[in-house]
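Colleague: Please take a close look at one metal site in this predicted model. Walk me through the residues that hold the metal, one step at a time.

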There are 4 protein chains.
Amino acid sequence: MPIRILFIGDIVGKPGRRTFKALIEEVKSSVGADFVIVNVENSADGFGITKKIYDELSPYVDVMSGGNHSWDKDEVLKEIDNMDKLLRPINLSVFAPGRGFIIKNINGVSIMVVNAIGRVFMEPCDNPFLILDEVAERYANIKIKIVDFHAEATSEKEALGWHLDGKFSAILGTHTHVQTADERVLPKGTAYITDVGMTGCHDGVLGFGYKEAVDRFLTGIKKRLKVCKTNLRLNGCVVEVDEESGRALSIKRINLPYESKT
Amino acid sequence: MPIRILFIGDIVGKPGRRTFKALIEEVKSSVGADFVIVNVENSADGFGITKKIYDELSPYVDVMSGGNHSWDKDEVLKEIDNMDKLLRPINLSVFAPGRGFIIKNINGVSIMVVNAIGRVFMEPCDNPFLILDEVAERYANIKIKIVDFHAEATSEKEALGWHLDGKFSAILGTHTHVQTADERVLPKGTAYITDVGMTGCHDGVLGFGYKEAVDRFLTGIKKRLKVCKTNLRLNGCVVEVDEESGRALSIKRINLPYESKT
Amino acid sequence: MPIRILFIGDIVGKPGRRTFKALIEEVKSSVGADFVIVNVENSADGFGITKKIYDELSPYVDVMSGGNHSWDKDEVLKEIDNMDKLLRPINLSVFAPGRGFIIKNINGVSIMVVNAIGRVFMEPCDNPFLILDEVAERYANIKIKIVDFHAEATSEKEALGWHLDGKFSAILGTHTHVQTADERVLPKGTAYITDVGMTGCHDGVLGFGYKEAVDRFLTGIKKRLKVCKTNLRLNGCVVEVDEESGRALSIKRINLPYESKT
Amino acid sequence: MPIRILFIGDIVGKPGRRTFKALIEEVKSSVGADFVIVNVENSADGFGITKKIYDELSPYVDVMSGGNHSWDKDEVLKEIDNMDKLLRPINLSVFAPGRGFIIKNINGVSIMVVNAIGRVFMEPCDNPFLILDEVAERYANIKIKIVDFHAEATSEKEALGWHLDGKFSAILGTHTHVQTADERVLPKGTAYITDVGMTGCHDGVLGFGYKEAVDRFLTGIKKRLKVCKTNLRLNGCVVEVDEESGRALSIKRINLPYESKT
Ligand SMILES: [Fe+2]
Ligand SMILES: [Fe+2]
Ligand SMILES: [Fe+2]
Ligand SMILES: [Fe+2]
Ligand SMILES: [Fe+2]
Ligand SMILES: [Fe+2]
Ligand SMILES: [Fe+2]
Ligand SMILES: [Fe+2]
């Protein structure tokens, strides 16, 4: 029996959470999802996550993943050990709090989710290529292993996909907030997409109002960005994985509008 | 009558040129293209362009666009004034040789093509937002105006799209070499896509063999990249523009395999 | 008669302001300063400046210069037109509020101060080389012209110094907060130093406590930095300029301890 | 008896080597050097090192250190195991060829030299803070341990100095090619300087002719840089270390002109 993994791209602010909660049950049943992963690094006003939002999203998901914005809200550092489903990138440093991977048991099947972060055009961190190699080797007995690779550069994402082909069930990109059209199953069985996109307002810049964003580029001064609320969409993908081998059988992009009645 | 603009993403090396030349006539006729633009910054071994390659590609295209790799081959600096269809980014500096825009007349219709480059995660250059504003204003009489925005960051690309909505017929992204799935016509009539993708080998990293690319990430040492040759594909898009108003009517992605008989 | 310009490097937080106010009169008289410039981009808790701090420092100085931290406090955007002595980098954008240069008259002598910012390893902005060329040309009648070049890369700073040699009286670097030992008068009469250093606590990292700074490097998580208070020093330089020609006659580094009685 | 370590900053091209060879014996005897370390990452035309240049410099030095330019010449990858005195940064990756530290025995005294590289504004690599912690711990029995920290950002360099204070005899910065005026012995006995500077032409940009360097900033096009030849100077420092404890007793900057008879 194939296992179906539903992976949702970065939820941005309240409009993103609203979109997610309005559509998630319908999406789960329409794709037949056995397991739900969602990236939450922008779920609180666009910057980080709080314990309250964690609790709000928790009933709908199995694992929440992170990225460079994981620590934007200070309270996460204190609360992270009470947020059992929350990941932060595995390769920040041996001294980072929280966890970089989670192994869950769903109807007798083990599913591992790893969150890693890129290094090109991003903050210094440990080598994701080497750490994920080690994860693959140490947890070879767990067949279904999904990576949320939160990274900027297409070069680094593609290189990681090829490097890990056959070692993970899926390498799914996040962080750029723009869905790419390159989803495929690589030759040795790893589902790959450079970026799954984001969940929230799609009439702005990465989920934020474009006025402030454009203003930065026009003036050279960084004003605070505000989450936008129109053209709400849920972005993500669904990966079908063979339970025995852990090989991906298919990957499909998801890009659904939320026809809010507001 | 709508005008159909065919825009082809970065041609990478000989495999890219081979793919382009094998498919271009068929694509042109199937989409009914009136005008062809192609990004050539990687056409010579993946790095830059030569006069010889310019001559090789010239019969098939109206305009060749560039990017951060425009100057990789020294000879371009000497030959650029003999390469009438070649653009380099308009916003490098007032002192850069060559031209940043071209205006062509096709059956009595003027079409302007501008090449601009981004600043986020890229080399310093002039402000593309301000320069393109000025282009839009000074050439308001030319209705059909297409921008090749060669940039890395999705934030900068989306912000530019929104900022220029209604001022250009299309803002088409290049440089990341990965096609995005966000093509649309913005509310005021500008066709937009974050990246059209690349033309050449799609079984590597940005058109280069993944072994050397992965090696860089594993060792921290930059060995020379080599263009790869398998899974050849032509990437781009076709934009339909209303001749009178210059507004885009539609934008469609193109991602075609080249079934080489090699 | 030579004019003596006293230039003080980035004041960091309250310890920096305390050091500055305690030493400034003594330094002015010991070097015979005719004119005082101070960089204030870190004067408010290490991040930006407020109107209150502007008023606190104003009696001691002729011009206050800025940098990438100029806008850290939101109120500056509203108050900047009431802060007559305050500069922000001239090359941010034509649309940035505030002014990038000031011309003052001291005993019948005009002195121009320009604040420019670098582009390498910094945020996108306009080309400082071209803008300063234009400043030099347009204000050729003003003999004494001082540049605070707020930049990261030694390459960009040295290149600017050589490029503008003979066009300005001095190119004085700020931003790295570490004083360099390369002060000299370049062949055509421009005083140059890569960085004048900073004013405040010298037992930390750029004027901030090293515990939090080190923690960032150990964990990959950015906790808030706090200004430190020990080993207080005033850093800067004094440039002697020939009034007639505007040529620098000498440049001397200043690095003075403040023996606080706390 | 104190041990005197002479450390020479990045030798740039042939003018740098000429300066170094002309002055080294005199400097050694005037400072009473027991041990000589020199950074050679720019010794071959400004980019990397060759086996021939290694042999040319070898008689004068105990250890040659590297940086981001270590691999600029391809032959180094093949020859590095025949270059016994040559270091490359220890924290590139476990898979980088060559060695990151050397332990030498001088008259019965063990001296360890480690080359590490920074991560801020540089290429991705392993965490220098953690790796140097581990070096300090594993080699606690070796009292005299010198670090060449090849890094761009003053923040990272200062943070490393404070973090390792008391664990190494000296943390000596390289890479910016501009000597800083902040040399000191930190409270727990580690000699520190942000950058020792460079050896070669001091009338250019980082040892290269300023015309080409300035041209890059004016045009946005990267022409090849050429090593310059005037105002030749040897930059470095001498650190006096207590043999028993490994604590630094003093650090003095060196900045000597080479009055060539050309
Ligand atoms: Fe995100
Ligand atoms: Fe992110
Ligand atoms: Fe390209
Ligand atoms: Fe490019
Ligand atoms: Fe500063
Ligand atoms: Fe600054
Ligand atoms: Fe160097
Ligand atoms: Fe270097």
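Modeller: Start with C:Asn68. C:Asn68 is partly exposed, with a relative accessible area of 32%. C:His150 is buried, at 0%. (Buried is under 20%, exposed is over 50%, and partly exposed lies in between; the probe is 1.4 Å and only protein chains count.)

Both residues hold the iron ion (ligand 6). C:Asn68 gives OD1 and C:His150 gives NE2. C:Glu41 (OE) and C:His175 (ND1) join them, and the distances are 2.1 to 2.2 Å. (Donors are N, O and S atoms within 2.8 Å of the metal, or 3.2 Å for Na, K and Ca; water is left out, so sites may look incomplete.)

Now the geometry. The 4 donor atoms subtend angles of 85 to 151°, so the arrangement is irregular. (Tetrahedral needs four donors with all angles between 85 and 135 degrees; square planar with four, or octahedral with six, needs opposite donors over 155 degrees apart and all others between 65 and 115; anything else is irregular.)

Along the chain, the donors follow the spacing E-x26-N-x81-H-x24-H. C:Asn68 and C:His150 are 82 residues apart, so this pair links distant parts of the chain. C:Asn68 sits in the loop between strand E3 (63–65) and helix H3 (75–79) of chain C. C:His150 belongs to strand E6 (residues 144–150) of chain C. (Helices, H or I with at least four residues, and strands, E with at least two, are DSSP runs numbered from the N terminus.)

There is a second metal too. C:Glu41 bridges the iron ion (ligand 6) and the iron ion (ligand 5), which lie 3.5 Å apart.

Residues count from 1 along each chain as its sequence is written, while chains are lettered from A and ligands numbered from 1 in written order. Local features need pLDDT of at least 70, side-chain atom pairs need 80 or more, totals for chains, interfaces and linings use all residues, and side-chain values use heavy atoms, without hydrogens or water.
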